[in-house]
Amino acid sequence: MNAPASTCDATRPGTTGKSTTTPAGEVAVRLERVTKRFGSVLAVDGVDLDVHDGEFLTMLGPSGSGKTTMLRMIAGFELPTAGRILLHGEDVTEWPPFDRDVNTVFQDYALFPHMTVAKNIEYGLRVKKVGRAERKQRVDEALDVVRLGGFEERKPGQLSGGQRQRVALARALINRPRVLLLDEPLAALDRKLREEMQVELKHIQERVGITFVLVTHDQGEALTMSDRIAVFSAGRVEQVATPAEVYEHPTTPFVADFVGTSNLLSGEPATALLGDPAPVTIRPEKIRLGDAGETASDGEIAATGTIRDVLYLGSDTRYRVTVDAGAELIVDRQNLTVTSSDALTARGRPVVLLFRREHARPVTKSAPPPSEPGTTSSATTNPTEEDPDRGVTQ
Ligand SMILES: Nc1ncnc2c1ncn2[C@@H]1O[C@H](COP(=O)(O)OP(=O)(O)O)[C@@H](O)[C@H]1O
Ligand SMILES: [Mg+2]
């Protein structure tokens, strides 16, 4: 590939862990108030977002939150109802897909089953009438990037799921697009392979230096690979920030709940424990489970309660505690010495929950959906049903 070898350096957008909005650098994709309606369904609702050159940006959200529709509009397969899409400064809103300097990797890979790996990968170059020698050279390079050297003559049916995924990636990369769009590219892989491919996809992106815009409903995937994450809910972007920022400082209750597991405290229990009714979230791993009677040290909040439920998760145990002040809090504890039978006998035990005040993070309510006549916002499914891994990946 002739793309820059790597853009993984300290000046790279989104890697400082601090910037949450628009770090410096050229904008590869600019979305301006992009809206898409399908009849009465508002699939994408006024999205503003900049993706920077060389950045790995993930659009994360539950099923039906408008991610695929957003990606298809960037690719040109779907026309926005309103708003503008710019690629490297140029307004491409109404351009057809093949005029845009982007390529898409689809969830089902869409490989030609009767063609060899090499023929699948060089397909785009054949269409562009690139000569045989150059095709061969670029196929070899693409195979090298996805570590599939030696597989040229196989057919897709003779490959594993992970290898097919790599072929789909090579086929998109060989066209040397400036922006690569990926729609749930790892969803068809089993868990172990998916985790391996997460690391590999990130390495490939760093190596080729192409801007990646990836869509997923899997928060673990988003946290692992991305420079920044845009969290989607009901067609809107709730927060755009680095993975650490999204996890540690979620700005809305939706983000706090969708990315990882979190406890939301507001109203009376918040006043009783923190002296303020304003909503805050506390991550389960930030709460310590103390024995009844234990007192708080400086800067700590203590909440008495009773263990209502225990979930043994192997490496950790998750406790659901009813707090006397009127809330229910989830507490995670690593199983350093605790065994599964210890954990399970904990139910009904009086305890004291202790956490540092600064770990209770203020959140603001999400902006209310716009009330346009004849428009219903697309439904957001319960994220707990959406992803069985959710809440265990921390
Ligand atoms: N071609 C279409 N016609 C009608 N409704 C659609 C179409 N494509 C998507 N939608 C609706 O738009 C919303 C967003 O869908 P989608 O972008 O596929 O979400 P996601 O990729 O986040 O799961 C959903 O309510 C979906 O039913
Ligand atoms: Mg989708």
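# Exercises on a predicted chain

Strand S11 and strand S12 (residues 280-282) run antiparallel and are joined by 3 bridges. The model is predicted, so local features need pLDDT of at least 70 and side-chain atom pairs count only at pLDDT 80 or more, while totals for chains, interfaces and linings use all residues. Residues are numbered from 1 along each chain as its sequence is written, and chains are lettered from A and ligands numbered from 1 in the order in which they are written.

**Exercise 1.** State the order of the open sheet that contains S11, and explain why one side of S11 is left without a neighbour in the sheet.

*Solution.* Step 1: the terms must be fixed. Helices (H or I, at least four residues) and strands (E, at least two) are DSSP runs, numbered from the N terminus. Two strands pair if DSSP finds at least two bridges between them.

Step 2: the open sheet has 3 strands in the order S11-S12-S18, with antiparallel pairing. Strand S11 (263-265) and strand S18 (361-362) each have a single partner strand and stand at the edges, so one side of each has no neighbour in the sheet.

Step 3: one position may be located exactly, for Leu-265 stands opposite Val-280 in S12.

**Exercise 2.** Determine which strands pair with S9, and decide whether its faces are covered or open.

*Solution.* Step 1: S9 pairs with strand S3 (residues 56-60) in the parallel sense over 4 bridges. Thr-58 has Ile-229 of S9 as its bridge partner.

Step 2: strand S10 (residues 236-241) runs antiparallel to S9, and 5 bridges join the two. Ile-229 stands opposite Ala-241 in S10.

Step 3: the burial of S9 is now considered. A residue is buried if 20 or more other C-beta atoms lie within 10 Å of its own, exposed if 12 or fewer, and partly exposed in between, with C-beta atoms placed from the backbone. In S9 (residues 228-233), 6 of its 6 residues are buried.

Step 4: in a regular strand the side chains alternate between the two faces of the sheet. Arg-228, Ala-230 and Phe-232 lie on one side of S9, with Ile-229, Val-231 and Ser-233 on the other, and both faces are covered.

**Exercise 3.** Identify the buried residues of helix H5 and state what they pack against.

*Solution.* Step 1: H5 (residues 191-208) has 18 residues and reaches 26 Å from its first C-alpha to its last, close to the 26 Å expected at 1.5 Å a residue. The expected span is 1.5 Å times one less than the number of residues.

Step 2: Arg-194, Met-197, Gln-198, Leu-201, Ile-204, Gln-205 and Val-208 are the buried residues of H5. They cover an arc of only 140 degrees around the axis, which puts them on the same side of H5. The arc is taken from the directions from the helix axis to the C-beta atoms.

Step 3: Lys-192 and Val-199, on the other side of H5, are exposed.

Step 4: the buried residues of H5 pack against S3, helix H3 (132-145), helix H4 (161-173), strand S8 (211-216) and helix H6 (219-225). Two residues are in contact if their C-beta atoms, placed from the backbone, lie within 7 Å.

**Exercise 4.** Describe the largest nonpolar core of the chain and name the domains that contribute to the core.

*Solution.* Step 1: a nonpolar core is a set of buried Ala, Val, Leu, Ile, Met, Phe, Trp, Tyr and Cys residues joined through C-beta atoms within 7 Å.

Step 2: the largest core holds 88 residues, and those touching the most other members are Ile-74, Ala-142, Ala-170, Val-179, Val-213, Val-231 and Leu-353. H4 gives the largest share of this core, 6 residues. At least three residues come from each of domain 1 (27-101 + 177-255) and domain 2 (263-366); domain bounds come from an automatic or database domain assignment.

**Exercise 5.** Locate Glu-184 and His-88, and state what sign their phi angles take.

*Solution.* Step 1: most residues other than glycine have a negative phi.

Step 2: Glu-184, in the loop between strand S7 (179-183) and H5, has a positive phi near 45 degrees. Glu-184 is partly exposed, with 19 other C-beta atoms within 10 Å.

Step 3: His-88 lies in the loop between strand S4 (82-87) and strand S5 (90-91), and its phi is likewise positive, near 45 degrees. His-88 is partly exposed, with 15 other C-beta atoms within 10 Å.
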